[in-house]
Amino acid sequence: MLGELWLLTLFVVGVAAVWSGDMLLTLTVMLTALISASLLVWRRYCLSGVAYRRRLGTTHAAFGETVALRLELTNLKPLPLTWLRIEDAMPNGLSVEGGTVQPPNPGRPSRLSVLAAMLPYERVTRRLHIRCDRRGELQLGPATLESGDYLGVLTRRAAHPGTDRLIVYPKLFPVHFGKLPSNRLLGRDKAHRGFLPDPVRGIGAREYRAGDPYRSIDWRSSARSDMLMVRVAEPSTTPLLDIVLSFDTTGFGAWEQDALEFAISVAASVARHAVEQRWAVGLCGNGDSGGRPIGIRPSGAPQQLRLILEALARADASPTGSLAGLLVRHTRTAQAGSTLLLITTRLESAERGALHEIHRRGWPLLVVLIARTYKVAVPDPFPVLRLPYDEAWTKRDALVLGA
Amino acid sequence: MRWSWARDLTAPAGQALAEALCLDAYVLVLTPPDAQAPGLRALLLLFVLGAWTGRAGSRLVPHALGRGAMLAVSAMALPLWWAGQGVSLEDALSAAAHDPAAMLAPLLLGLAVWCRGVWLGAVPATTEMLTRRFLVGSLALISLAILLALAKGTGVERYTHTLQLLVLGYFIVGPAVLALVHLQALHDRAATPQPASLRWVPALIVPMALVAGIGLWLTHDFAPMLALAMHGAVRGAALLAQLLWWLLRPVLDLLEALLALLQPGHHKLPEAIRPHAHIPPPRPLVSTVDDSAGLSPLLLLVPAALLVLVFARLLLRRIRRRGVAPAVEERTSLWSWGLFQDQLRAAWLARLAALRGAADSANASAQESAGADGRPVTMRAVYRALLRWAAAQGHRRGPAATPQELRQELAVSLPQAADAVALITSAYEAERYGGVVLPATALAAARAAADSLVATQDDEPGRQSGGMVRHATPR
């Protein structure tokens, strides 16, 4: 519309107007030409010196938490912008307080729309809040910047490829253990004998007996009691909890994906409970997390809970292999004495067979089956704890395992 | 769709105003000298009322029958407009009996204007459609100006002043309406809960004021000088051509003689008949068109009251939303003369480099501030890069601020960059105020620190090393 032919025509008419000395014609042509030229100048330079920055208040958030999102727009040039539109890609279903997230179109994700007018050399900072209503590794961006001339006739776009990631942990419930069908979940609560007593935990001294190592002799006690005394240390043990999460679903019901999210939350809650009880806890599952299979060996390290929560937050809600095969492989490499806690939304014959075999070998085992309805069939030979699924599971206050 | 003051009141009125200005220019010129032309205010009133009626009918009345009834009732504005012309009914009837065509023309014009106004209001227009209308209006004004320029000497000069005002008004109202409609469309598309920022108003006024100011200056001051220069240049060219002709004349005569020798049966061509231009007698000057055709004060009060209501509603909405909207918007000015000068210098160097066709020459002309890779090579250049970066972060160095004060300010607000800023500041102070010749390693460390500062802005488009601004890649 405002092409070279248009400008050339205006130039020719303008030269004629100036030559003729007619004020009216000159004014009309000059104003038309100046507006046309200014539109081209604005289109050319509208996005020069324009910067967009997205800042998250944190990179990790708990489920239901509100995270501050700061958007900074900078216009470092002498031209004002009557409009600058930014469409920032957002994960589907994310709610942003103070902003509008456009629903996804075919081929386009949800996007946060920001519209601003900017004066020269100005920075606009907008503070929004993201409500973390779903777990996952949420990617914010990339963004598209669009602006143009002051009339909106000619526009220009630029891509802002920068992305930010926000990891939202699964919802964590306080866990209360009721009457469990098996006491194996906790392992043996108190170790009465231990191969390796903890030398740090001294509980007293006793008389020296033949065979006691010399280095266990407590010389101060020996001096006080005038006989050889040896230190007695407390036998210690650490319960090992191996959480196995099943990502298998039948795919027939929409509720199953939500039930799987509930299962992930249950796994995360149990893991946190275990860490609070100072158990060593590990996690594995037949799914991927961040493109890698989920497999965290049991450990009581301080960062273990964070590792598990991040793995669960990033987990894709789709299986990558058979659960039965995973159980068989896992029990071959798992630490002896660890309790296997399987959290699943379905139990088929293959899984039942594998679990029956594990149980038959004497492996401590507990199955948490999350189901919408109970199908009372032949009782399983291994302990199964049924956890009812409720669509409003995110509003639960606590998680009670066992009756 | 919710009611909008911009879409439903201001935009139709603005479109109607722009078209009324354009139409009035033609009506003014094309009205016979002995007839009375409807004034701008009368045209404008009919146009705007028609546009508002059309918009109200399309938005408020859901059924077609109701819309028709509303249009029929609203057509009562036509007699009102007629009464506003200051002609009594008796005079009108007697004039109609005497010369029906003379009375029919204003009525038809009023009807056409009313229908056009209703159509403008009823049919929502996109930005592209409005742009086309605006350009067509511009072309119409240019054509009118060309016609008047060709008809110079026939008495049309009396319209010049009025038409200049109309043209100026058209080029102010038209773009403003375009910008308003576009902003409203964007706002509707974004569906943001916050109302559009009022910064839009100065952001629009600046370019439009520039265009109007430069246009007036070019027309009244620059164009006469340019015309003189053009006339002088053409005269000079004519003299040069005459000189050439005088020099080449013998050669051409010789060639003509030779040609005559080669053609034995040549004959003289008849003399060309010189056309005599017919100069029409000057048209007698007629009385100035009366532009103050009657306009009822009551009719002026109606749009004024509507505008007041609109702005009151707008203010109420803003006040209500201010308490509800959780989003907080802050605006900070990043203006600094240093940044502006740096940008000018960078643009000039880039232009030079583009003209010379090689980036190396531009870098060489950047004196000692930048090396072949575009990075600063002196300590002062490194510190200037730091100042640009700090200004971009919103921390301009004040006229009386020392480098240490700036360093402390940056350390508080940007602690992640404190080490790099301290390194550059200390090296700069040592060289600038301590007279110390920095070793190459210290300079390299300062350059690396400056690069690390700029690298923190990697997620920002449109930047390059040293805080220079580059153009964003078009799609």
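# A tour of chains A and B

**Stop 1: the five-stranded sheet.** Select β6, β7, β4, β10 and β11 of chain A. They form an open sheet in the order β6-β7-β4-β10-β11, and the pairing is antiparallel. Look at the two edges. β6 (100-102) and β11 of chain A stand there with a single partner strand each, so one side of each has no neighbour in the sheet. Direction ignored, neighbouring strands of this sheet are turned by 25° against each other on average. Keep in mind throughout that this is a predicted model.

**Stop 2: the β6 edge.** Zoom in on β6(A) and β7(A). Three bridges hold this antiparallel pair. For a landmark, select A:Thr100, which stands opposite A:Ser113 in β7(A).

**Stop 3: β4 of chain A.** Now pick β4(A). Is this strand enclosed or open? Eight of its 10 residues are buried, so β4(A) is largely enclosed by the rest of the structure. Follow its pairing with β7(A): the two strands run antiparallel and are joined by eight bridges. Label A:Ala89 here; its bridge partner in β7(A) is A:Arg111. Then turn to the pairing with β10 (residues 143-148) of chain A. It is antiparallel too, over five bridges. Select A:Arg85 and you will find A:Glu146 of β10(A) opposite.

**Stop 4: helices from chain B on the sheet.** Show chain B. Its helix α8 (residues 160-190) lies across β4, β6 and β7 of chain A, and runs at about 15° to β4(A). Next, show helix α9 (residues 200-262) of chain B. This helix packs on the sheet as well, touching β4 and β7 of chain A, and its direction makes about 130° with that of β4(A).

**Stop 5: along α9 of chain B.** Stay with this helix. What distance separates its end C-alpha atoms? α9(B) spans only 78 Å, while a straight helix of 63 residues would span 93 Å at 1.5 Å a residue. Go to B:Phe222. A kink of about 50° lies at this residue, shortly before the proline B:Pro224. Now colour the buried residues of α9(B); among them are B:Trp200, B:Leu204, B:Val211, B:Leu218 and B:Ala223. What do the buried residues pack against? Their partners are α1, α2, β4 and β7 of chain A, together with α8 of chain B.

**Stop 6: chain B as a whole.** Zoom out. Chain B has 16 helices and one strand. Of its 475 residues, 29% are buried. Consider the contacts in chain B between residues at least 6 apart in sequence: 72% of them join residues at least 24 apart.

**Stop 7: where the chains meet.** Select the residues in contact between the chains. Chain A gives 63 residues and chain B gives 67. Several elements give two or more residues to the chain A side, including α1 (4-20), β1 (50-56), β7 (110-118) and β8 (122-131) of chain A. Which element gives the largest share? That is α2(A), with 13 residues. Colour this side of chain A by class: 33 residues are nonpolar, 19 polar and 11 charged.

Strands also pair from one chain to the other. Select β8(A) and strand β1 (residues 328-333) of chain B: they run antiparallel and six bridges join them. Within this pair, A:Arg126 has B:Glu329 of β1(B) as its bridge partner.

**Stop 8: the three-stranded sheet.** Return to chain A. Select β2, β12 and β9, an open sheet in the order β2-β12-β9 with mixed pairing. β2 (60-61) and β9 (136-140) of chain A are its edge strands, each pairing on one side only. β9(A) and strand β12 (residues 164-168) of chain A run antiparallel, joined by five bridges. Find A:Gln139, opposite A:Arg165 in β12(A). Then add helix α5 (residues 304-314) of chain A, which packs on the sheet and touches β9 and β12 of chain A; its direction makes about 110° with that of β12(A).

**Stop 9: β16 of chain A.** Finish at strand β16 (residues 240-245) of chain A. Are its residues buried or exposed? Six of its six residues are buried. In a regular strand, side chains alternate between the two faces of the sheet. Both faces of β16(A) are covered: A:Leu240, A:Asp242 and A:Val244 lie on one side, and A:Leu241, A:Ile243 and A:Leu245 on the other.

Last, look at the partner strands. β16(A) pairs with β17 (residues 280-289) of chain A in the parallel sense over six bridges. There, A:Leu240 has A:Ala280 as its bridge partner. β16(A) also pairs with β20 (residues 339-344) of chain A, in the parallel sense over five bridges. In that pair, A:Leu241 stands opposite A:Thr339.

Key
Residues are numbered from 1 along each chain as its sequence is written. Chains are lettered from A and ligands numbered from 1 in the order in which they are written. This is a predicted model: local features need pLDDT of at least 70, side-chain atom pairs count only at pLDDT 80 or more; totals for chains, interfaces and linings use all residues. A residue is buried if 20 or more other C-beta atoms lie within 10 Å of its own, exposed if 12 or fewer, and partly exposed in between; C-beta atoms are placed from the backbone. Helices (H or I, at least four residues) and strands (E, at least two) are DSSP runs, numbered from the N terminus. Two strands pair if DSSP finds at least two bridges between them. Two residues are in contact if their C-beta atoms, placed from the backbone, lie within 7 Å. Ala, Val, Leu, Ile, Met, Phe, Trp, Tyr, Cys and Pro count as nonpolar, Asp, Glu, Lys and Arg as charged, and the others, Gly among them, as polar. Axes are lines fitted to C-alpha atoms, for helices over the stretch in contact, and angles run from 0 to 180 degrees between N-to-C directions. The expected span of a helix is 1.5 Å times one less than its number of residues. The bend at a residue is the angle between axes fitted to the seven residues ending there and the seven starting there.
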